[in-house]
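Hi,

Here is the structure I promised to pass on to you. Have a look at it first, and then read on for what turned up when I went through it.

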Amino acid sequence: MATQPISPAPAPNKAPAKKRFSVPHTYAILFIMIILAALASYVLPTGEFERMQDPASGKTIVVNGSYHPVESSPVGFFDMFKAIPDGMQKGAQIIFYIFIVSGVFGIIRSTGAIEAGIHKGVRHLEGREKLLIPASMFLFSIGGFTMGMAEESIIFVPIGIALARAMGFDAVTGTAMITMGAASGFMGGMLNPFTVGVAQSLAQLPLFSGLAFRAVVYVVVLGFAIWYVMRYAYKVKADPTQSVIYDVEKQAVSEQAEVDIPELNIRHKLVFLVIAAGLACNVYGVFEHGWFLTELTASFLIMGLVAGLIGGLSVNKLFDSFVAGARAVTFGALIVGFARAITVVLEDGKTIDTMINALTSMIGHLPDAINVMAMFLIQAVLNLFISSGSGQAATTMPIMVPIADLLGIQRQVAVLAFQYGDSVTNSIIPTSSALMGYLAVAGIPYEKWVKFIWKLLLGWAVIACVALITAVYIGIT
């Protein structure tokens, strides 16, 4: 009789793998907010404040105590979708400002001047370990407060790591002296067109006003970051087991791959001269002639074209680089339109003033110092979901500015609360593409980075709160 094949025992049922929670896409979050804003027009009482133009400043301000009920104006299904192109239209000046300025930086990057210049500066510090960390962080902070350097710093991380390891430090030190330098400048934001520029335009403030106050805070922020990174670096040098990535460092190869970066030449130096002249022209135009986004956009465009031609780019390469630079910020630029759509729905449904009135009624009896710290915390939490600085400004400033007016807080302080809340958490939130990008390049596990960075960010938060309270009491404008 033939032997019957023995069937294999059935595999035990495996428990279904638990799905990890993932933060929804930024655009999904904004679209959900648009839907909720539309639903609010059916649920919340409708009302409006009276608004008037201040003859002294020309700003449109909310008249305190003028809130009154109005006839309901529910936002329909189709109107909710119409709000998105309406938001794009209302935010067009800011959106195209972001596109064009980013395109200009795309041209400048294509000349190789930025990479060559920073590489030359960092390499020049090799062997001078006492200067390496503070000088590198200062150098990258300039990129942070002038052009909002974030993702752009990723290319320099391998250089920083190679230099740090050569001097007895670790990869965390090398990464931090590049990225935390840029982050310090980003938090200072004195001339950052994508955060401070956008927020101030929405708040009807002169562009880059309050520069001196921001510069003082920037010095404190950068100084604390330099101290923190150097303290960690020398602790690791004295005892390598103190490194938060000691296991990674034990397996690291001694030789680091070189990054293909051009040598600094005369064309690059001329490009830097054009950039310096362009930024100086912008500052002069803003403070002496009241330039706003249109004039700044035109000035940036001239600067980019001249820099590209001097940098040796052909006409076709110049405009290819411009398009590539603009394309890189599509995510952040279009967020402005989606964010403005939320405001459009709230305004059409006549519920935005209801929310503003409710919020001011809740916190109006609190000291201004507490109110402004609450603004800061709200911005910090929102940054987890809307990591684009310009998008967050477009989402929150239309609500924060009237609240500041009604509470008697300077609008500049509301912009500062946004600026610091947006920037303090950028170096720890997992939704930051820049953070996850440079950690991937450096080979640093996210949880190890959090262990290193959290005390630095806590210190920055304390500095931000002190700065905000100071701004309230000195009446910064």
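How much space lies in the largest cavity? About 40 Å³. Before going further, please keep in mind that this is a predicted model, so I will come to the confidence values at the end.

**The cavities**

The count comes to 2 cavities of 30 Å³ or more. The largest cavity is lined by L191, F208, L279, N282, V283 and F300. By class, its lining has 5 nonpolar residues and 1 polar residue, with no charged ones. Helix α11 (residues 266–289) is the top contributor to this lining, giving 3 residues.

One of the lining residues, F208, deserves a second look. F208 sits in the loop between α8 and α9 and has a positive phi of about 60 degrees, although it is not a glycine. Most residues other than glycine have a negative phi. Is F208 buried or exposed? With a relative accessible area of 5%, F208 falls under the 20% cut-off and therefore counts as buried.

K350 also has a positive phi without being a glycine, in this case about 55 degrees. K350 is found in the loop between α14 and α15. Its relative accessible area is 26%, so K350 is classed as partly exposed.

**The second largest pocket**

The second largest pocket holds about 560 Å³ of space. It is lined by 29 residues, and the closest to its centre are L202, R340, T343, E347 and P398. The elements that give two or more residues to this lining are the strands β1 (47–48) and β3 (60–62) together with the helices α3 (92–110), α8 (196–202), α14 (330–348), α15 (352–363) and α17 (389–407). Which of the elements gives the most to the lining? That is α17, with 5 residues. Sorted by class, the lining of this pocket has 13 nonpolar, 7 polar and 9 charged residues.

**Three buried polar side chains**

Next come a threonine and two serines that you may like to find on your screen.

T111 lies in the loop between α3 and α4 (113–124). T111 counts as buried because its relative accessibility is 8%. A polar atom of the T111 side chain lies 2.5 Å from the backbone oxygen of I108. Not counting residues up to four places away in sequence, T111 touches H268, V271, A307, G308, G311 and L313. One of these partners, A307, is 196 residues away from T111 along the chain, yet the C-alpha atoms of the two are separated by 8.0 Å.

S41 belongs to helix α1 (residues 26–43). Its relative accessible area is 4%, so S41 is buried. Which backbone oxygen lies 2.5 Å from a polar atom of the side chain of S41? The one of A38. Leaving aside neighbours within four places in sequence, S41 is in contact with S73, P74, V75, G349 and T351.

S243 is in the loop between α9 and α10 (246–251). S243 counts as buried because its relative accessibility is 7%. The S243 side chain reaches the backbone nitrogen of I245 at 3.1 Å. Once its neighbours within four places in sequence are set aside, the contacts of S243 are D170, Y232, V236 and E249.

**How confident the prediction is**

The protein chain has a mean pLDDT of 84, and 90% of its residues reach 70 or more. Among its elements, helix α9 (residues 211–238) has the highest mean pLDDT, at 95, and β3 the lowest, at 76. Two stretches have pLDDT below 50. Residues 1–11 are one of them, and this stretch has 0 contacts in the model beyond near neighbours in sequence. Residues 253–257 are also below 50, and here the model shows 3 contacts beyond near neighbours in sequence. When you look at the second largest pocket, remember that β3 is among the elements giving two or more residues to its lining.

Happy to go through any of this with you on screen.

Best wishes

Technical notes:
Residues numbered from 1 in each chain as written. Predicted model: local features only at pLDDT ≥ 70, side-chain atom pairs only at ≥ 80, totals over all residues. Heavy atoms only, no water. 1 Å grid on protein atoms, 1.4 Å probe; cavity = no way out; pocket = protein on both sides within 12 Å on 5 of 7 lines; lining within 4 Å. Points joined across faces, edges and corners; volume = space filled by probe spheres on them. Helix = DSSP H or I, 4+ residues; strand = E, 2+ residues; numbered from the N terminus. Nonpolar A, V, L, I, M, F, W, Y, C, P; charged D, E, K, R; others polar. pLDDT = per-residue confidence, 0-100. Contact = heavy atoms within 4.5 Å. Buried < 20%, exposed > 50% of the residue type's maximum accessible area, 1.4 Å probe, protein only. Polar contact = N/O pair within 3.5 Å; in protein donor to acceptor, adjacent residues only side chain to side chain.
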